[in-house]
Amino acid sequence: KRYTSIQEWYKCNSNSSIYTSIFDIKLTNSYCWTISKNGYFIVGGAFKSNNAVESFSNLKTKLKDYGYDFGDFTKREGCYVYLLDRLSGIETGSNGIYLLEESAGFISPSSLEGISYAMESGYILADVLNKNINTDRLNNYVNLKDFYEADNVGATPWDGKNDFNAI
């Protein structure tokens with residue numbers, strides 16, 4: 001599913017480094033964040049594309065109601081983020097071509113990035129290739145869907161239930 005990620009930067013007087021994850025199902029079934037670093041306060045989130053601007057505005061209103069002081073507006077950034085809603089969306093490759101990290105669909109629901117899964121899926125594939133160098137490697141490639149499901153992690157928007165098919 002395609003989400004729209006929006007974040008805004010504000011100049012502030014604080015030099016503290018703070019990161020907050022916000023899980024509010026009324027705003028998004030993904031997540032939102034605040035980051036304070038290097039004199040800036042950054043607020044953002046990943047929202048369903050059909051109401052992203054409205055949801056982002058609601059996030060800022062809620063944060064202000066909780067006492068957050070944003071500071072002076074500096075800039076707005078945005079991009080599309082693709083999140084799987086089922087583990088069947090993970091593709092590990094075929095015909096001697098192997099996919100890893102985000103290209104395979106491994107996206108962390110808590111950071112919307114794939115670096116931790118890139119490292120892990122690369123390690124697993126290297127291990128499989130090293131152990132099965134004289135066999136049909138693709139057929140012996142670890143079924144990463146089962147691996148991620150067994151570890152209760154996955155590339156899916158968080159819905160509060162850890163149920164990959166609930167979305």
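Student: In what order do the strands of the open sheet stand?
Tutor: The sheet has five strands with antiparallel pairing, where two strands pair if DSSP finds at least two bridges between them, and where helices (H or I, at least four residues) and strands (E, at least two) are DSSP runs numbered from the N terminus. This is a predicted model, in which local features need pLDDT of at least 70, side-chain atom pairs count only at pLDDT 80 or more, and totals for chains, interfaces and linings use all residues. Residues are numbered from 1 along each chain as its sequence is written, and side-chain values use heavy atoms, with hydrogens and water left out. The order of the strands in this open sheet is E2-E3-E4-E1-E5.

Student: Which are the edge strands of this sheet?
Tutor: An edge strand is one that pairs on one side only, and the ends of the order E2-E3-E4-E1-E5 show where to look. The two edge strands are E2 (18–22) and E5 (72–82).

Student: By how many degrees are neighbouring strands of this sheet turned against each other on average?
Tutor: Axes are lines fitted to C-alpha atoms, for helices over the stretch in contact, and angles run from 0 to 180 degrees between N-to-C directions. For neighbouring strands of this sheet direction is ignored, and the average turn is 15°.

Student: How many bridges join strand E1 to strand E4?
Tutor: Strand E1 covers residues 2–11 and strand E4 covers residues 40–48, and the two run antiparallel. The register can be read from serine 5, whose bridge partner in E4 is alanine 46. The number of bridges joining E1 to E4 is nine.

Student: Which residue in the turn of the hairpin formed by E3 and E4 has a positive phi?
Tutor: E3 and E4 run antiparallel and are joined by six bridges, and the bridge partner of threonine 34 in E4 is valine 43. The hairpin has two residues between its strands. The residue with a positive phi, of about 50°, is exposed because its relative accessibility is 64%, given that buried means under 20% relative accessible area, exposed over 50% and partly exposed in between, with a 1.4 Å probe and protein chains only. This residue in the turn is asparagine 38.

Student: At about what angle to E4 does helix H1 run?
Tutor: Helix H1, made of residues 52–65, lies across E1, E2, strand E3 (32–37), E4 and E5. Its angle to E4 is about 135°.

Student: Is lysine 60 buried or exposed?
Tutor: Lysine 60 has its place in helix H1. Apart from residues up to four places away in sequence, lysine 60 touches Glu8, Tyr10, Val43, Phe70 and Arg76, a contact being heavy atoms within 4.5 Å. Because its relative accessible area is 16%, lysine 60 counts as buried.

Student: How many aromatic pairs does a search of the whole structure find?
Tutor: Rings of Phe, Tyr and Trp (its six-membered ring) pair if their centres lie within 6.5 Å, and planes under 30 degrees apart count as stacked, over 60 as edge-to-face and the rest as tilted. Over the whole structure, the number of aromatic pairs is eight.

Student: What kind of aromatic pair do tryptophan 9 and tyrosine 40 form?
Tutor: The centres of the two rings are 5.5 Å apart, with 70° between the planes. The pair links distant parts of the chain, as tryptophan 9 in strand E1 and tyrosine 40 in strand E4 are 31 residues apart. Tryptophan 9 counts as buried at 17% relative accessibility, whereas tyrosine 40 counts as partly exposed at 26%. Judged by the angle between its planes, the pair is edge-to-face.

Student: Why is the pair of tyrosine 10 and phenylalanine 70 classed as it is?
Tutor: The ring centres lie 5.1 Å apart and the planes stand at 55°, so the pair is tilted. Tyrosine 10 in strand E1 and phenylalanine 70 in the loop between H1 and E5 are 60 residues apart, and both are buried. The angle between the planes that makes the pair tilted is therefore 55°.

Student: Which lysine has its charged end over the ring of tryptophan 9?
Tutor: A charge sits over a ring if NZ of Lys or CZ of Arg is within 6 Å of the ring centre and within 35 degrees of the ring normal. The charged end of lysine 64 sits over the ring of phenylalanine 70, 5.1 Å from its centre. Over the ring of tryptophan 9, 4.7 Å from its centre, sits the charged end of lysine 75.
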